[in-house]
Amino acid sequence: MARGKTSTVFFCQNCGYESPKWMGQCPGCREWNTFVEETVRSHSRAGVSSPSTDRHGRVLPTVLSEVDVREDDKIVTGIGELDQVLGGGLVQGSLTLVGGDPGIGKSTLFLQVCRNLSHQGHKVLYISGEESLAQIKMRADRIGDFSSRMLLLCETNLAVIEDVIRSEVPRAVVIDSIQTMYNETVSAAPGSVSQVRESTGVLLQLAKGLGVSVLIVGHVTKDGTVAGPRVLEHMVDAVLYFEGDRHASYRILRGVKNRFGSTNEIGVFEMQEKGLVEVKNASEYMLNGRPENASGSVVTCTMEGTRPLLVEIQALVCHSSFGIPRRQTTGTDFNRVNLLMAVLEKRSGVQLVSCDAYVNITGGMKIAEPAIDLGIVIAVLSSFRNCVLSTRLAAFGEVGLSGEVRGVSMAKQRVMEAEKMGFDTCVLPYVCAEECQKCSRIKIIGVKTVQDVIDRLF
């Protein structure tokens with residue numbers, strides 16, 4: 001390989017911003033003292049695919065209508081929740097990145113995927129830069145039996161890994177993890193911005209050139225994002241995040257980018273002795289253990305991609321002993337809750353200015369959808385007035401600054417999910433009530449403002 005010119009650049013360790021000189025504050029993420037000096041060597045790389053050429057060697061474009069797209073390019077992993085997040089399965093030649101906290105179950109999930117694919121007759125290569133063969137074998141024994149199509153390799157040198165992939169040509173390759181891989185052409189430490197970017201570039205060429213599905217494990221920073229340059233997420237075809245408390249049994253796999261399917265899909269898993277087990281009915285799982293005859297509790301319905309999901313919102317409002325009331329949220333935006341409480345105080349005269357308020361989304365979910373606004377408002381009112389609501393009541397809708405309850409998307413799917421779970425009453429925006437009443441047998445309460453909510457429920 002022809003060697004190119006060597007140059008020195010500075011990278012931000014937090015966000016991957018590149019600069020020709022050292023800077024005290026990063027212009028990208030505004031963090032201080034995060035720039036490190038690294039030596040990079042520029043060299044030419046082949047494209048990810050072989051373009052068409054004429055007899056003179058000139059590159060020719062391809063007519064769009066002549067491109068062949070086949071549905072059989074996707075392989076089902078055998079894990080329904082993962083297939084849904086991926087958009088139906090692993091696409092041939094795709095590059096998928098999965099990030100999550102240490103101990104959350106990333107390696108366990110990929111090992112289960114390898115087991116299922118090997119039993120389907122596909123050759124699978126599992127490459128680990130963090131564990132020995134004995135450690136992987138011990139974890140594999142807890143999951144189940146593996147076929148002879150499952151291959152293991154403990155290596156961090158990308159040149160050796162590339163040779164093995166080209167010689168074996170497996171159907172799927174797992175890299176655990178990208179931060180441990182190093183490229184000899186880059187004079188930087190493994191895990192640095194340059195190494196992560198160059199290593200991913202090599203894996204991208206292998207995936208597109210050989211038609212191999214590559215799955216990459218990525219470590220995350222304290223902010224919950226994948227460690228390394230932001231360009232890493234732009235290079236891959238799909239980005240998945242594992243969420244949840246590693247000390248609890250539940251795990252949530254969330255898709256934030258997917259070139260082959262819907263974004264923001266989720267898969268729910270439960271960690272058991274033999275690995276991750278998919279949760280078929282996520283709504284029932286999220287509502288498990290819900291208290292009865294307790295104020296401040298209401299069920300709302302949120303959309304995670306194309307899936308309606310019922311979750312419980314809990315609120316605790318009490319008079320404050322301090323000069324400045326305390327507000328705390330878990331699972332939803334703190335500023336959004338403050339805004340909704342201000343709307344209640346201004347538009348409905350509910351005196352919350354001297355009250356502490358705590359709002360929690362149970363089940364470890366993190367929801368940013370405005371459709372849960374009405375659920376938060378009802379939960380706060382229920383706790384403030386110490387009024388117990390029916391356990392068979394669900395509510396959803398967006399609340400505006402004027403106190404109006406605005407319509408939300410996919411209202412029928414939300415009502416049908418509530419009906420399927422046994423709820424008999426649903427509070428929703430008035431503009432969606434007539435449409436939902438036609439497709440449901442449960443009681444529909446359409447509200448126009450937060451004052452309507454108070455009048456109808458309290």
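# Exercises on a predicted model

Helix α8 (residues 334–348) packs against helix α12 (residues 450–457) with 9 Å between the axes and an angle of about 80°. The model is predicted, and the exercises below treat its helix packing, its sheet and two local environments.

**Exercise 1.** Classify the orientation of α8 relative to α12, and state which residues form the contact and of what classes they are.

*Solution.* Step 1: the angle between the two helices is about 80°. Step 2: angles from 65 to 115 degrees count as roughly perpendicular; α8 and α12 are therefore roughly perpendicular to each other. Step 3: on the α8 side the contact involves L344, R347 and S348, which meet V450, Q451 and I454 of α12. Step 4: sorted by class, this contact comprises three nonpolar, two polar and one charged residues.

**Exercise 2.** Determine the strand order of the nine-stranded open sheet, its edge strands, and the pairing of β11 with β12.

*Solution.* Step 1: the order is β10-β9-β11-β12-β8-β13-β14-β15-β16, and the pairing is mixed. Step 2: β10 (150–154) and β16 (275–278) are the edge strands, each pairing on one side only. Step 3: on average, neighbouring strands of the sheet are turned by 25° against each other, direction ignored. Step 4: β11 (residues 172–176) and β12 (residues 213–218) run parallel and are joined by five bridges. Step 5: one of the residues to inspect is A172, whose bridge partner in β12 is S213.

**Exercise 3.** Locate helix α2 with respect to the strands, and decide whether T108 is buried or exposed.

*Solution.* Step 1: α2 (residues 106–119) lies across strands including β8 (95–100), β9 (124–128) and β13 (238–243). Step 2: the helix runs at about 160° to β9. Step 3: T108 is located in α2. Step 4: the relative accessibility of T108 is 14%, so T108 counts as buried, the cut-off being under 20%. Step 5: with neighbours within four places in sequence left aside, T108 is in contact with R139, I143, G275 and L276.

**Exercise 4.** Characterise the geometry and the setting of the pair formed by F242 and F269.

*Solution.* Step 1: the count of aromatic pairs comes to one. Step 2: the ring centres of F242 and F269 are 6.2 Å apart, with 70° between the planes. Step 3: planes over 60 degrees apart count as edge-to-face, and the F242–F269 pair is accordingly edge-to-face. Step 4: F242 belongs to strand β13 and F269 to strand β15, 27 residues apart, and the pair links distant parts of the chain. Step 5: both F242 and F269 are buried.

Technical notes. Residues numbered from 1 in each chain as written. Predicted model: local features only at pLDDT ≥ 70, side-chain atom pairs only at ≥ 80, totals over all residues. Heavy atoms only, no water. Pairing = 2+ DSSP bridges. Helix = DSSP H or I, 4+ residues; strand = E, 2+ residues; numbered from the N terminus. Axes fitted to C-alpha atoms, helices over the stretch in contact; angles between N-to-C directions. Contact = heavy atoms within 4.5 Å. Parallel < 35°, antiparallel > 145°, perpendicular 65-115°, else oblique. Nonpolar A, V, L, I, M, F, W, Y, C, P; charged D, E, K, R; others polar. Phe/Tyr/Trp six-rings, centres within 6.5 Å; stacked < 30°, edge-to-face > 60°. Buried < 20%, exposed > 50% of the residue type's maximum accessible area, 1.4 Å probe, protein only.
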